[in-house]
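The following exercises are intended for a reader who is new to this structure. Each task is followed by a solution in steps.

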Amino acid sequence: MTQAEIKLCSLLLQEHFGEIVEKIGVHLIRTGSQPLRVIAHDTGTSLDQVKKALCVLIQHNLVTYQVHKRGVVEYEAQCNRVLRMLRYPRYIYTAKTLYSDTGELIVEELLLNGKMTMSAVVKKVADRLTETMEDGKTMDYAEVSNTFVRLVDTHFVQRCPLVPATENSDTGPPPPAPTLVVSEKDMYLVPKLSLIGKGKRRRSSDEDATGEPKAKRPKQTTDNKEPIPDDGIYWQANLDRFHQHFRDQAIVSAVANRMDQTSSEIVRTMLRMSEVTTPSGAPFTQPLSSNEIFRSLPVGYNISKQVLDQYLTLLADDPVSLFFFLFSFFYYLHKALGSLATATLESVVQERFGSRCARIFRLVLQKKHLEQKQVEDFAMIPAKEAKDMLYKMLSENFISLQEIPKTPDHAPSRTFYLYTVNILSAARMLLHRCYKSVANLIERRQFETKENKRLLEKSQRVEAIIASMQATGAEEAQLQEIEEMITAPERQQLETLKRNVNKLDACEIQVDETIFLLESYIESTMKR
Amino acid sequence: MASRGGGRGCGRGQLTFNVEAVGIGKGDALPPPTLQPSPLFPPLEFRPVPLPSGEEGEYVLALKQELRGAMRQLPYFIRPAVPKRDWRRLPRELKIRVRKLQKERTTIILPKRPPKTTEDKEETIQKLETLEKKEEEVTSEEDEEKEEEEEKEEEEEEEYDEEEHEEETDYIMSYFDNGEDFGGDSDDNMDEAIY
């Protein structure tokens, strides 16, 4: 784990879970797998606090545990998973676009709580939705359950690993920590619950859920205090599936930019057809015949088979070569990701160094290896400037130098020096910079908020006073008076603060998109 | 790679390789030597790309800020604990409160999973019994809180919520101005009130 990643993890943990969890989490990320006592000793926190922090981290799937011999349980942190926390708003927004408000709230609850049982999720979401509806209307549990089931069917929500059903004939004390079992086929199996009820506005303890539990306790009571029917079956958000969705989105929009709307629709159809059948790490999708694609096109598209074939050939012949045509169409996911990563690099060079540098960069990319003189000739840029730009990019590690010795003694006077772009290493470098950027953005935002803390608190107090006065029916003049407690320059300061914080937040979201592309690319190269 | 040969100070340094291969022609001046670390905020040569605005961007932004606020309110956000005090110097009645909390802490053992909920339920029942023995300290409000907690113990996510409940009830109880625990609450408040 690089320093930049650790710093970012620390900031994220601190913002979302507080200082104690942050201390424990960062310690685990730094040092790897450790048992409980060692953690407490090394971080200097009390055992109770370490226990609390570990519970929170495990609940949110950020830390896993393993039983070693002699009964020692060791805890290990998942740094990558902590970095995902940056992407939570994007996941929730995606759920909203796909499954509207209900889906959005389900995913939000799952992400905020780490793991939950289905009945808990349904109840909470129904309550929340009911709050936002007009008086008298309530949200039915059945509707929420339906959306939940649809989320599971499309694999956006998956089951957590289960405690294996141990036979009670085991002699000796139970193990200090259960080994959880992941059963592939049960991962998306929804227990048969018939949750009947409606969302509640206030917190009242009426009976709401009756249900048929899955296996263990087959009783059916309408008792208030009955055990929850799907006890032990926990669900979590399946982040890999969301990532697949983002990747498909990126590819479709890239095709739309490069060609036209129809071809992007074709690509979208192909991707959707292989959505559930392709495992997440595969370099290419299942082969599809053009007939299948034709049949699966969305209803609105009245293109004939011939036109479809033409489009497919066009896509296959594209030099960016996202497709591979051999009686059926594959989709080279790895290559697609590579193209996306390259495009990201190009645009970064353009924005950072200017369009002429970008021209040189693209040139070197295309020709793979070039000498200094050749760069000047091909790019049609005067020698001095070309040299300057090359060195600038070289110093920032976008371009690297390849030596080709003419003689076995590698004498510098008799060696070719060629400029080249190594996409993988440039991508890694850029990713590292992205992590640093996000860490800087978060720090700056926290600094800005801290600087203006007094002002923020004052404005919050004033707002509270105004709200309470409005509730008790105060006059216009009194409200005016209270509002004037905040002077005009202070108001301006608040406005500036708000604008800055919004900007910084938007930047974080933007950088996270780049992080996603680069990470996907690097991951796909590691898997080959 | 290239080693800088001798000849410092006599014009340009003699280098062991043909400099033209890397593009420094004859008579070109080398860039000035760097004498200090690069500035902290180097001037930007080009304007940064504008941020995406529009409905989606704003919605995601609002979502992000909401999430941040929401996570702070959840029980998963662990606030730094109240510092330990020297109990010899304080009245004994304050100490009982801490002991109750410690008893609860011991029930939160290493990773808990559903098969363990039955065990934990027994322990919490025992704990409740011991608490009932200290009836003089426990107010009626606390009993209600315990019952609510018992219901919530079915869901294990909220088991370690109990402490937060306990600590939160400090505030709520102080509203009702209970004579017994008034000393304990004011102790907490005193610490925070010292500016």
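**Exercise 1.** Which residues form a negative surface patch? Place E483(A) in its element and classify its exposure.

*Solution.* The model is a predicted one. Step 1: the negative surface patch consists of E476(A), E481(A), E483(A) and E484(A). Step 2: E483(A) belongs to helix α19 of chain A, which covers residues 476-483. Step 3: the relative accessibility of E483(A) is 36%, and therefore this residue counts as partly exposed. The class of partly exposed residues lies between the limits of 20% and 50%.

**Exercise 2.** Determine where S100(A) and N397(A) are placed, and describe the phi of each.

*Solution.* Step 1: a general expectation is needed. Most residues other than glycine have a negative phi. Step 2: S100(A) has a positive phi, near 60°, and is not a glycine. S100(A) is found in helix α6 of chain A, residues 88-113. Because its relative accessibility is 42%, S100(A) counts as partly exposed. Step 3: N397(A), also not a glycine, has a positive phi of about 70°. N397(A) sits in the chain A loop between α16 (383-395) and β10 (400-405). Its relative accessibility is 47%, so N397(A) counts as partly exposed.

**Exercise 3.** What does the UniProt annotation state about residues 7-66 of chain A, and what is the helix and strand content there?

*Solution.* Step 1: the unreviewed UniProt entry annotates residues 7-66 of chain A as "domain: RNA polymerase III subunit RPC82-related helix-turn-helix". Step 2: over residues 7-66 of chain A, the chain is 75% helix and 10% strand. Step 3: the end C-alpha atoms of this stretch are 26 Å apart.

Conventions:
Residues are numbered from 1 along each chain as its sequence is written. Chains are lettered from A and ligands numbered from 1 in the order in which they are written. This is a predicted model: local features need pLDDT of at least 70, side-chain atom pairs count only at pLDDT 80 or more; totals for chains, interfaces and linings use all residues. Side-chain values use heavy atoms; hydrogens and water are left out. UniProt positions are given in the numbering used here, feature names are shortened, and annotations may be inferred rather than shown by experiment. Helices (H or I, at least four residues) and strands (E, at least two) are DSSP runs, numbered from the N terminus. Patches are made of residues with over 30% relative accessible area and no salt bridge: like charges are joined within 9 Å, nonpolar side chains (Val, Leu, Ile, Met, Phe, Trp, Tyr) within 5 Å. Accessible areas come from the Shrake-Rupley method with a 1.4 Å probe; for residues, only the protein chains shown count as cover. A salt bridge is a side-chain nitrogen of Lys or Arg within 4 Å of a carboxyl oxygen of Asp or Glu. Lys and Arg count as positive and Asp and Glu as negative; His and the chain ends are not counted. The place of a charge is taken as NZ of Lys, CZ of Arg, CG of Asp or CD of Glu. Buried means under 20% relative accessible area, exposed over 50%, partly exposed in between (1.4 Å probe, protein chains only).
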